[in-house]
Amino acid sequence: MIVLILVATLFVGGAIAWASEALDARMPRVVALLSLLVSAVLLLVFSLNSGPDVGSPGGQWWILASWSWIPRFGIALLVGVDGLSLLLLLLTIFLGLIALGAAWDEIKERVGFFYFNLLWTIAGVVGVFTALDLFLFFFFWEVMLIPMYLIIAIWGHENRAYAAMKFFLYTQVSGLFLLMAILSMSYLHYVQFARFSFDYFDLQNIALVGSLQTWIMLGFFVGFATKLPIFGLHSWLPDAHSQAPTAGSVLLAGVLLKTGAYGLIRFAVPLFPEASDSFSSVAMTIAALGILYCAKVAFAQQDIKRLIAYTSVSHMGFVLLGIYAWNLYGLQGAVMTMLAHGLSSAALFMLAGGLQSRFHTRDMRQLNGLWAKLPMLSAMALFFSVAAVGMPGLGNFIGEFLSLLGAFQSNPVATIFAALGLVLAAVYSLWVIQKVLHGSLQVPNEYSNAADLSLVEILCYALMALGLVWMGMYPQSFLDVSEASLLYLQSLSGGAA
Amino acid sequence: MESIPYEHGLILAAILFVCGLVGVLTRRNIVFVLMSLEIMLNACGLAFVVASSRWQHAEGQVMFLMILTLAAAEVAVGLGLIIQMYRRFHTVDISVLNEMKG
Amino acid sequence: MTSAMLFMLLPLILVTATAVATMLMIAIKRQHGMSCSVTVIGLSLAFVSLYFVMPSSAQQLTPLMKIDAFSVFFSGVILLSGIMIACFSYPYFSNLEDHQDEFYILLSVAILGALVMVSNSHFITTFLGMETLSVCLYGMVAYPLHRSVAAQYPMEASIKYLVLSALSSGFVLFGIALLYAQTGTLQFSDLGQALSSGMGPVPPVYFVLCCLMIVTGFAFKLSLVPFHLWTPDVYEGAPLPATAFLATVGKIAMAALLMRFMSESALLSNEAIVFVLALVAGASILFGNLLALLQSNLKRLLSYSSIAHMGYLVIALITVDRTVDSLGIEAVSFYLLAYAVMSIGAFGVMMVVSDSEQERDHIGHYQGLFWRNPWLALVMTAMLFSLAGIPLTIGFLGKFYIFAAGVQGAQWALLFTMVVGSGVGLFYYLRIVYGMLTPLDEDLILPEAGLKELVPHCLLFVLLLLLLLLGIVPGALMQWLAEMASAL
Amino acid sequence: MQNWIGLLPAFPLAGFLLLVLSRGRMTKTVAGIIGAGSVGLSFLLAVMISIEFLNSGAQPFSKTLWMWMQVGGLDTGFTFFLDGLTLVMILIISGVGFLIHLYSTGFMADDPGFARFFSYMNLFVASMLVLVLADNLILLYLGWEGVGLCSYLLIGFWYDNPANGYAARKAFVVTRVGDTSMAIGLFLLFSQLGTLNIQEILLLAPTQWSTGSAVAVAASALLLGGAVGKSAQLPLQTWLPDAMAGPTPISALIHAATMVTAGVYLIARTHILFELAPSVQLIVAFVGLATLLMAGFTALMQRDIKRILAYSTISQIGYMFLALGVGAWSAAVFHLLTHAFFKALLFLAAGTVILSLHHEHDIFKMGAMRRRLPVSFWCFIVGSAALTALPFTSGFYSKDAILLAALDHPSYGMLLWVGGVLGAFMTALYSFRLVFVVFFGKSHYEQRDTQQHDDHGAVVENTSPAMFFPLLILAILSLFGGLISVPVDAVFANGALHEEAHASQFLHALMILIPILGVMISWLLYGSLSYEKAGAHLRKQLLVSPLGGLLNRFWFSGWGMDKLYQTLLVQPFLALAQVNRKDIVDLVFNSLSYVARFANSALVLTQTGNMRWYAISLVAGLVIVIGLGVWR
């Protein structure tokens, strides 16, 4: 029930926010803030006062509820929340608030519609993280794209048309493969059990053999891997991230990418254990490739946001690595990386956005030695770049370390190459710090009187920084939440892959 | 006298049909095009008549009547259009009708 | 022919009556509003009568016609489309100097033809319906002949349509004739038996040839590649109501007819025909989408996209006999309904901003619409998203159905083509949406929403509602369709 | 008291947080007090802890602050482990650290980034303490990376000069290479032993691995990689000389006393692994040897006072590696200790010199500073004496122990010993070259910026207590530090037998005499009054001779390692990055859209609008379709 309330709050909140623009241009953001706070409170109260329901499959579901929807195809509104989903939900709402903070002063035109889209994106993501009926899942999977498309297309930067189109095309087309795979599953269920079903738990019973399993698995993989994204399918991401408004980039990098990883963990591997097992070596190779390649490309960028975008791809490589290691270390690592990268990349994009709003450029060649001018902003930039480098004591380290630790046990070679990514990460991060923060001050003259961080910004950064430190110093509080569900998922695949 | 084998009838119909077809494809004058269409339709009619005579059915005959009506209707509309066209372009050459393309 | 049977034909009778009544009205007094409302009322009555006609089981009325849930469903779709188009065409034609009224007669008669098509089971009926529809369409396409602006367009379109469709009817007829000559029957079901029992000494090639001639004719009406060339020109040249009618009623009736023909005469048991149809479908999907890619005239663009959509439809058509519990038929029916809703919606928006003097069918006309007239833009966006098959809309479920059918029919190649096609399709639909999103400096003058626009706006609202409702909670409809299909 | 061990790093960390959060609004006095005081506190605590530790019979002791992460078999806590080795390290770090902090309050007095400087320094001390206190390798890795970060920040402290930024980046990236190999080592250890707790590893490894087994070799080699990176040994030594771009106290604390010796600590800490892999241990020895010789020769050619000291640091750490390589664990630690004293002393003294000469680094621009800078002079004498291991200085004992241990090495004893002695000779040569050139002979110091105030231009030695006191203490320690005995025998129980080494009287004498000889020669070359003519003449002779010139350039450039890496790694990477700035993958996907556009433009041509063409295509279509149908 809480899930529906959550989604409803966001959907309705969005609608109200849009409507409220008629009253006053400042209303929408307030409404958005309220509805986000409400959902945050709901979620916190829920996650504090309840725990896994022992009766549920695997005894690890916090919620498991179902309402009939489309009986013709055995489609139901089947939603479930387990530790994994819960963590991601918390991340989503939290970053939703951050994105709100980023947009607070930045968005000046068509405010209502903006917050409408913002909230609907978040709602879609919440749906994705909770849906257990594959049709419902796919439904939300696509729904969350539209508002994001609008955000990029309307409030984006100079090259937004191209970026938005690219983003939408990639995700939609890959989504159709996903749809095909899902339908094949339900049809197979019909063949074997004489009724259509998109129910996660029903589909686990399907007996899949040989190449068929591989093909369907590939369908899922392509769908999710494009969103993750993996090396080779990543080229939508730099454009989308660099063209989106700050809030958009925050959500994209912080949350939307994670849906891909979530899909892989929840569906792609457990439903097709053998296929994934034989596929894992390929996946891990791709991951290592992606880590190195994108780190290298990132180093060459001059547009800050593009650079950060490429680093995101590189970091998602660790997630992929951890997932396909498919042991507890790897999975926990993947989850921690998702959470930590969610915060760090969001913060970095926010910083880049801050620079753009101050100096109206994202070109690193025009920005130099900001430390002298904007000490606080620079300090933040330093902190989060260091986090991105994977400095122990901060969340990213825990994630990457565990992923690699797990990956090493199943595929040492790929792991060693992936580990080299740590060096490259240092290379590009320090390069950015050198270019932008250090050196002698040099900014476009007309904006030379830029102010340092505003209060809202300070608040956002402080929250994210605290989050990262927490994850880095006491990750246990997160690991405990996700452990049960990860073990359950492993048990589904009989520990294979 | 023994009756004509129906294949012959069909072949004749086919020949007529092709003649009409060729007419449609080759003539530039819209009037001739319409006439060629008539030929084609009548070829179909002939085929039906032949077939129905083979099976001793009425259906084929009915179909023929239908075809005649249709042909009449089409010609009616067609001629109306041709008149309009002539008013506007002072020609009945269909090759002037290529305003819309791409 | 009992009275009960006669009652079964009530819808057709009512439609006919409507046409006659309208004619008499005109004879008595020309009054645009009156003729329009008479038509709408008549058609609505016909629509209502469907409820009473709805048979518990399939009813064969004479060898010629067959009334069953299937035909009733499609009659309903067609009548609704007709009603809406009639409503839309009122403001559209209202600034025509004279002869506004005859359009409605043509409309009613065309609908009559369409109704005959969807409830037939015999080649004579087929022919009759098809031609009634076509001949009326010639008229509708050419309707505002004396429109001053760019007036040769309607005529050109009409002449092209007339000649080409007559040509295609020729093919159909000749095919039927040859088939008849061999099998001695003009009824679908008998034909099916004759074919399944084998045609005696006749080589199968002969049979394939006949069937393909017929199918070609149908494919022309559905504007499938390679019989699609006429489509854009006719769509562009025709006045918007005619275009909308052609795009919806024309296509729906034809597709329904084709499906009935296929399911009753076991046509799909023949590999060669399935193979050809599959090729046709693939080609239509690719060519249609690619042709639309950079098109900037909305009418042409929608015509190209309709080619692609019919291609999608054929995927479901050729899997009809392979799918479990007749999902194929369901898929086709649902898709056609969805297609009707979204095309009427899209054309409806265009009709609202256009009139017979100036048609606003260029993509530039809609730039920044989102900020000038959010309501219309919203509807248009929804329709386009639906055409692109994006969730929350009925179009998505339509595509979902097609995929389901395709998966069950194991038409992997076609499905892959469809994925590619949809990718291309997204591009041009989003191009329009983006155009509406980008603000425009100089405003395009929109007809102020006076009373005469009120009805169309309400209709748009209804369409939007349908689009979303059937897109989000389609359960009941799907259930109904399932029963209908299994009854067929 | 030991239960408060957690406070050791907590104090400096708190200092760091305070300084950061104050955002530079504090007055310098407050900042200085916080900065130096926090470290002072942890030094006091360390002293108290060590007293308790030694009284309680030197029992190893560990305390868990909180569980860090428990995943499956991996459970690591924030756990601190205390034994003799750790004790020595924390004393060095907090003690020397405190002195250097004190010194810095004077040295950095008029620097705008005063607070920032101390915040970084505190963070460094904190992470260094974590490094040595860690009881598991992940926690150690945390400290390991932490010190690396601080080193980066402090080298690039004067950020407005890009050169410093470059040096800092170089330092971080090069050490990161080592760190990565170490991380992989961790993965390997975990996958083999299922734990990362150091003590457990040391217990398990011998039971699971046979001596010289592949796993042992791999693991210890990977760890060695990390150590080599941090401790600037061949082949990863190139970053340290450039690291001198940072303020001098940094060089004293990080790049002489503490961080660079972390590698030594790591190997000593995991010595059992290395004993399981004799081949790797031998490599350690030879790495040490090669490094100390190479660095020695290079130092001889440098002109920059700090670079000379940097190279000497490298070579001294080489000695420690040598000791580790021959299994003289405690000797290594002992040398680590004494080196911390005298090298810190030298750097700080050099700092005063540089400060009083307005950041002049070139020794040949100095000279005759004996009178002007007495304090620095005496400090230098003491420090160099210890560095050169002149008898009865601290360095003498430690280096002696190392050389004797090297001599005892079963197979390569003589070779290693000769190398070591040669190194000692070089040490004497370059260190006293430094002393003589800077403090004797004529003054070559011409005041730049004469237009400045006199009190700016003049050469005055800053002998504020804050800077004088540390120098004094360190000088004393460098002299008598040799008397300290490091309480590590318990740690290296099995390694102890190497310690009481035997060498013939002759060799003993040789070891004592050679450094003295070295001092004399350098006196002849640089110190004597005839230095101006004879010395200069001789050096000219050496330089003009083709071989001499070549050697000079070769050694001066640090044996061309930098150039090598530039051409082998850096430039290719840059080139690649430039070439592929527009992600090739992207182009691939964009080409698809070109294909689509092309297809569109081609297909549009079929829409001629000409009706007869349409009719023809209709018929053609029919023919094709029927053809296909019939063919199929």
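**Notebook: cis prolines, helix pairs and chain contacts**

I started with Pro229(A), which sits in the loop of chain A between helix H9 (210–227) and helix H10 (236–243). Helices here are DSSP runs of H or I with at least four residues, strands are runs of E with at least two, and both are numbered from the N terminus. The peptide bond joining Leu228(A) and Pro229(A) is cis, with omega about -10°.

The model is predicted: local features need pLDDT of at least 70, side-chain atom pairs count only at pLDDT 80 or more, and totals for chains, interfaces and linings use all residues. Residues are numbered from 1 along each chain as its sequence is written, while chains are lettered from A and ligands numbered from 1 in the order in which they are written.

**Entry: chain C, cis bond**

I looked up Pro226(C) next. A cis peptide bond joins Val225(C) to Pro226(C), and omega is about 0°. Pro226(C) lies in the loop between helix H9 (204–221) and H10 of chain C.

**Entry: positive phi**

I checked two residues other than glycine. His90(B) has phi near 55°, a positive value. His90(B) is in the segment after helix H3 (59–89) of chain B. I count 8 other C-beta atoms within 10 Å of His90(B), so His90(B) is exposed. The cut-offs: buried means 20 or more other C-beta atoms within 10 Å of a residue's own, exposed means 12 or fewer, and partly exposed is in between, with C-beta atoms placed from the backbone.

Leu392(C) has phi near 75°, again positive in a residue other than glycine. I found Leu392(C) in the loop between helix H16 (374–388) and helix H17 (394–408) of chain C. Leu392(C) has 17 other C-beta atoms within 10 Å and is therefore partly exposed.

**Entry: H12(A) with H18(A)**

Helix H12 (residues 273–300) and helix H18 (residues 412–437) of chain A have axes that come within 9 Å and cross at roughly 15°. Axes are lines fitted to C-alpha atoms, for helices over the stretch in contact, and angles run from 0 to 180 degrees between N-to-C directions. H12(A) and H18(A) are therefore roughly parallel. Angles under 35 degrees count as roughly parallel, over 145 as roughly antiparallel, 65 to 115 as roughly perpendicular and the rest as oblique.

I listed the contact residues. Among them are Ala288(A), Ile291(A), Leu292(A) and Ala295(A) of H12(A), and Phe417(A), Gly421(A), Leu424(A) and Tyr428(A) of H18(A). Two residues are in contact if their C-beta atoms, placed from the backbone, lie within 7 Å. The residues of this contact divide into 17 nonpolar, two polar and one charged. Ala, Val, Leu, Ile, Met, Phe, Trp, Tyr, Cys and Pro count as nonpolar, Asp, Glu, Lys and Arg as charged, and the others, Gly among them, as polar.

**Entry: H3(C) with H4(C)**

Helix H3 (residues 32–53) and helix H4 (residues 69–93) of chain C have axes that come within 9 Å and cross at roughly 165°. H3(C) and H4(C) are therefore roughly antiparallel. Residues that meet include Val40(C), Leu43(C) and Phe47(C) in H3(C), and Leu79(C), Ile83(C) and Ala86(C) in H4(C). I get 14 nonpolar, five polar and no charged residues in the contact of H3(C) with H4(C).

**Entry: chain D**

Chain D has 26 helices and two strands. Its C-alpha trace spans about 110 × 65 × 55 Å along the principal axes. Of the 632 residues of chain D, 55% count as buried.

I picked helix H18 (residues 413–439) of chain D. H18(D) has 27 residues and reaches 39 Å from its first C-alpha to its last, close to the 39 Å expected at 1.5 Å a residue. The expected span is 1.5 Å times one less than the number of residues. H18(D) is mostly covered, with 20 of its 27 residues buried. Gly441(D), just after H18(D), takes a positive phi of about 60°.

**Entry: which chains touch**

Which of the five pairs of chains that touch has the most contacts? Chains A and D do. In that pair, 38 residues of chain D are in contact with 40 residues of chain A. H6(D) gives the most to the side of chain D that touches chain A, with 13 residues. That side has 21 nonpolar, nine polar and eight charged residues.

For chains C and B, I find 32 residues of chain C in contact with 35 residues of chain B. H7(C) gives the most to the chain C side, with 18 residues. No contact joins chain A and chain B, and their closest C-alpha atoms lie 25 Å apart.
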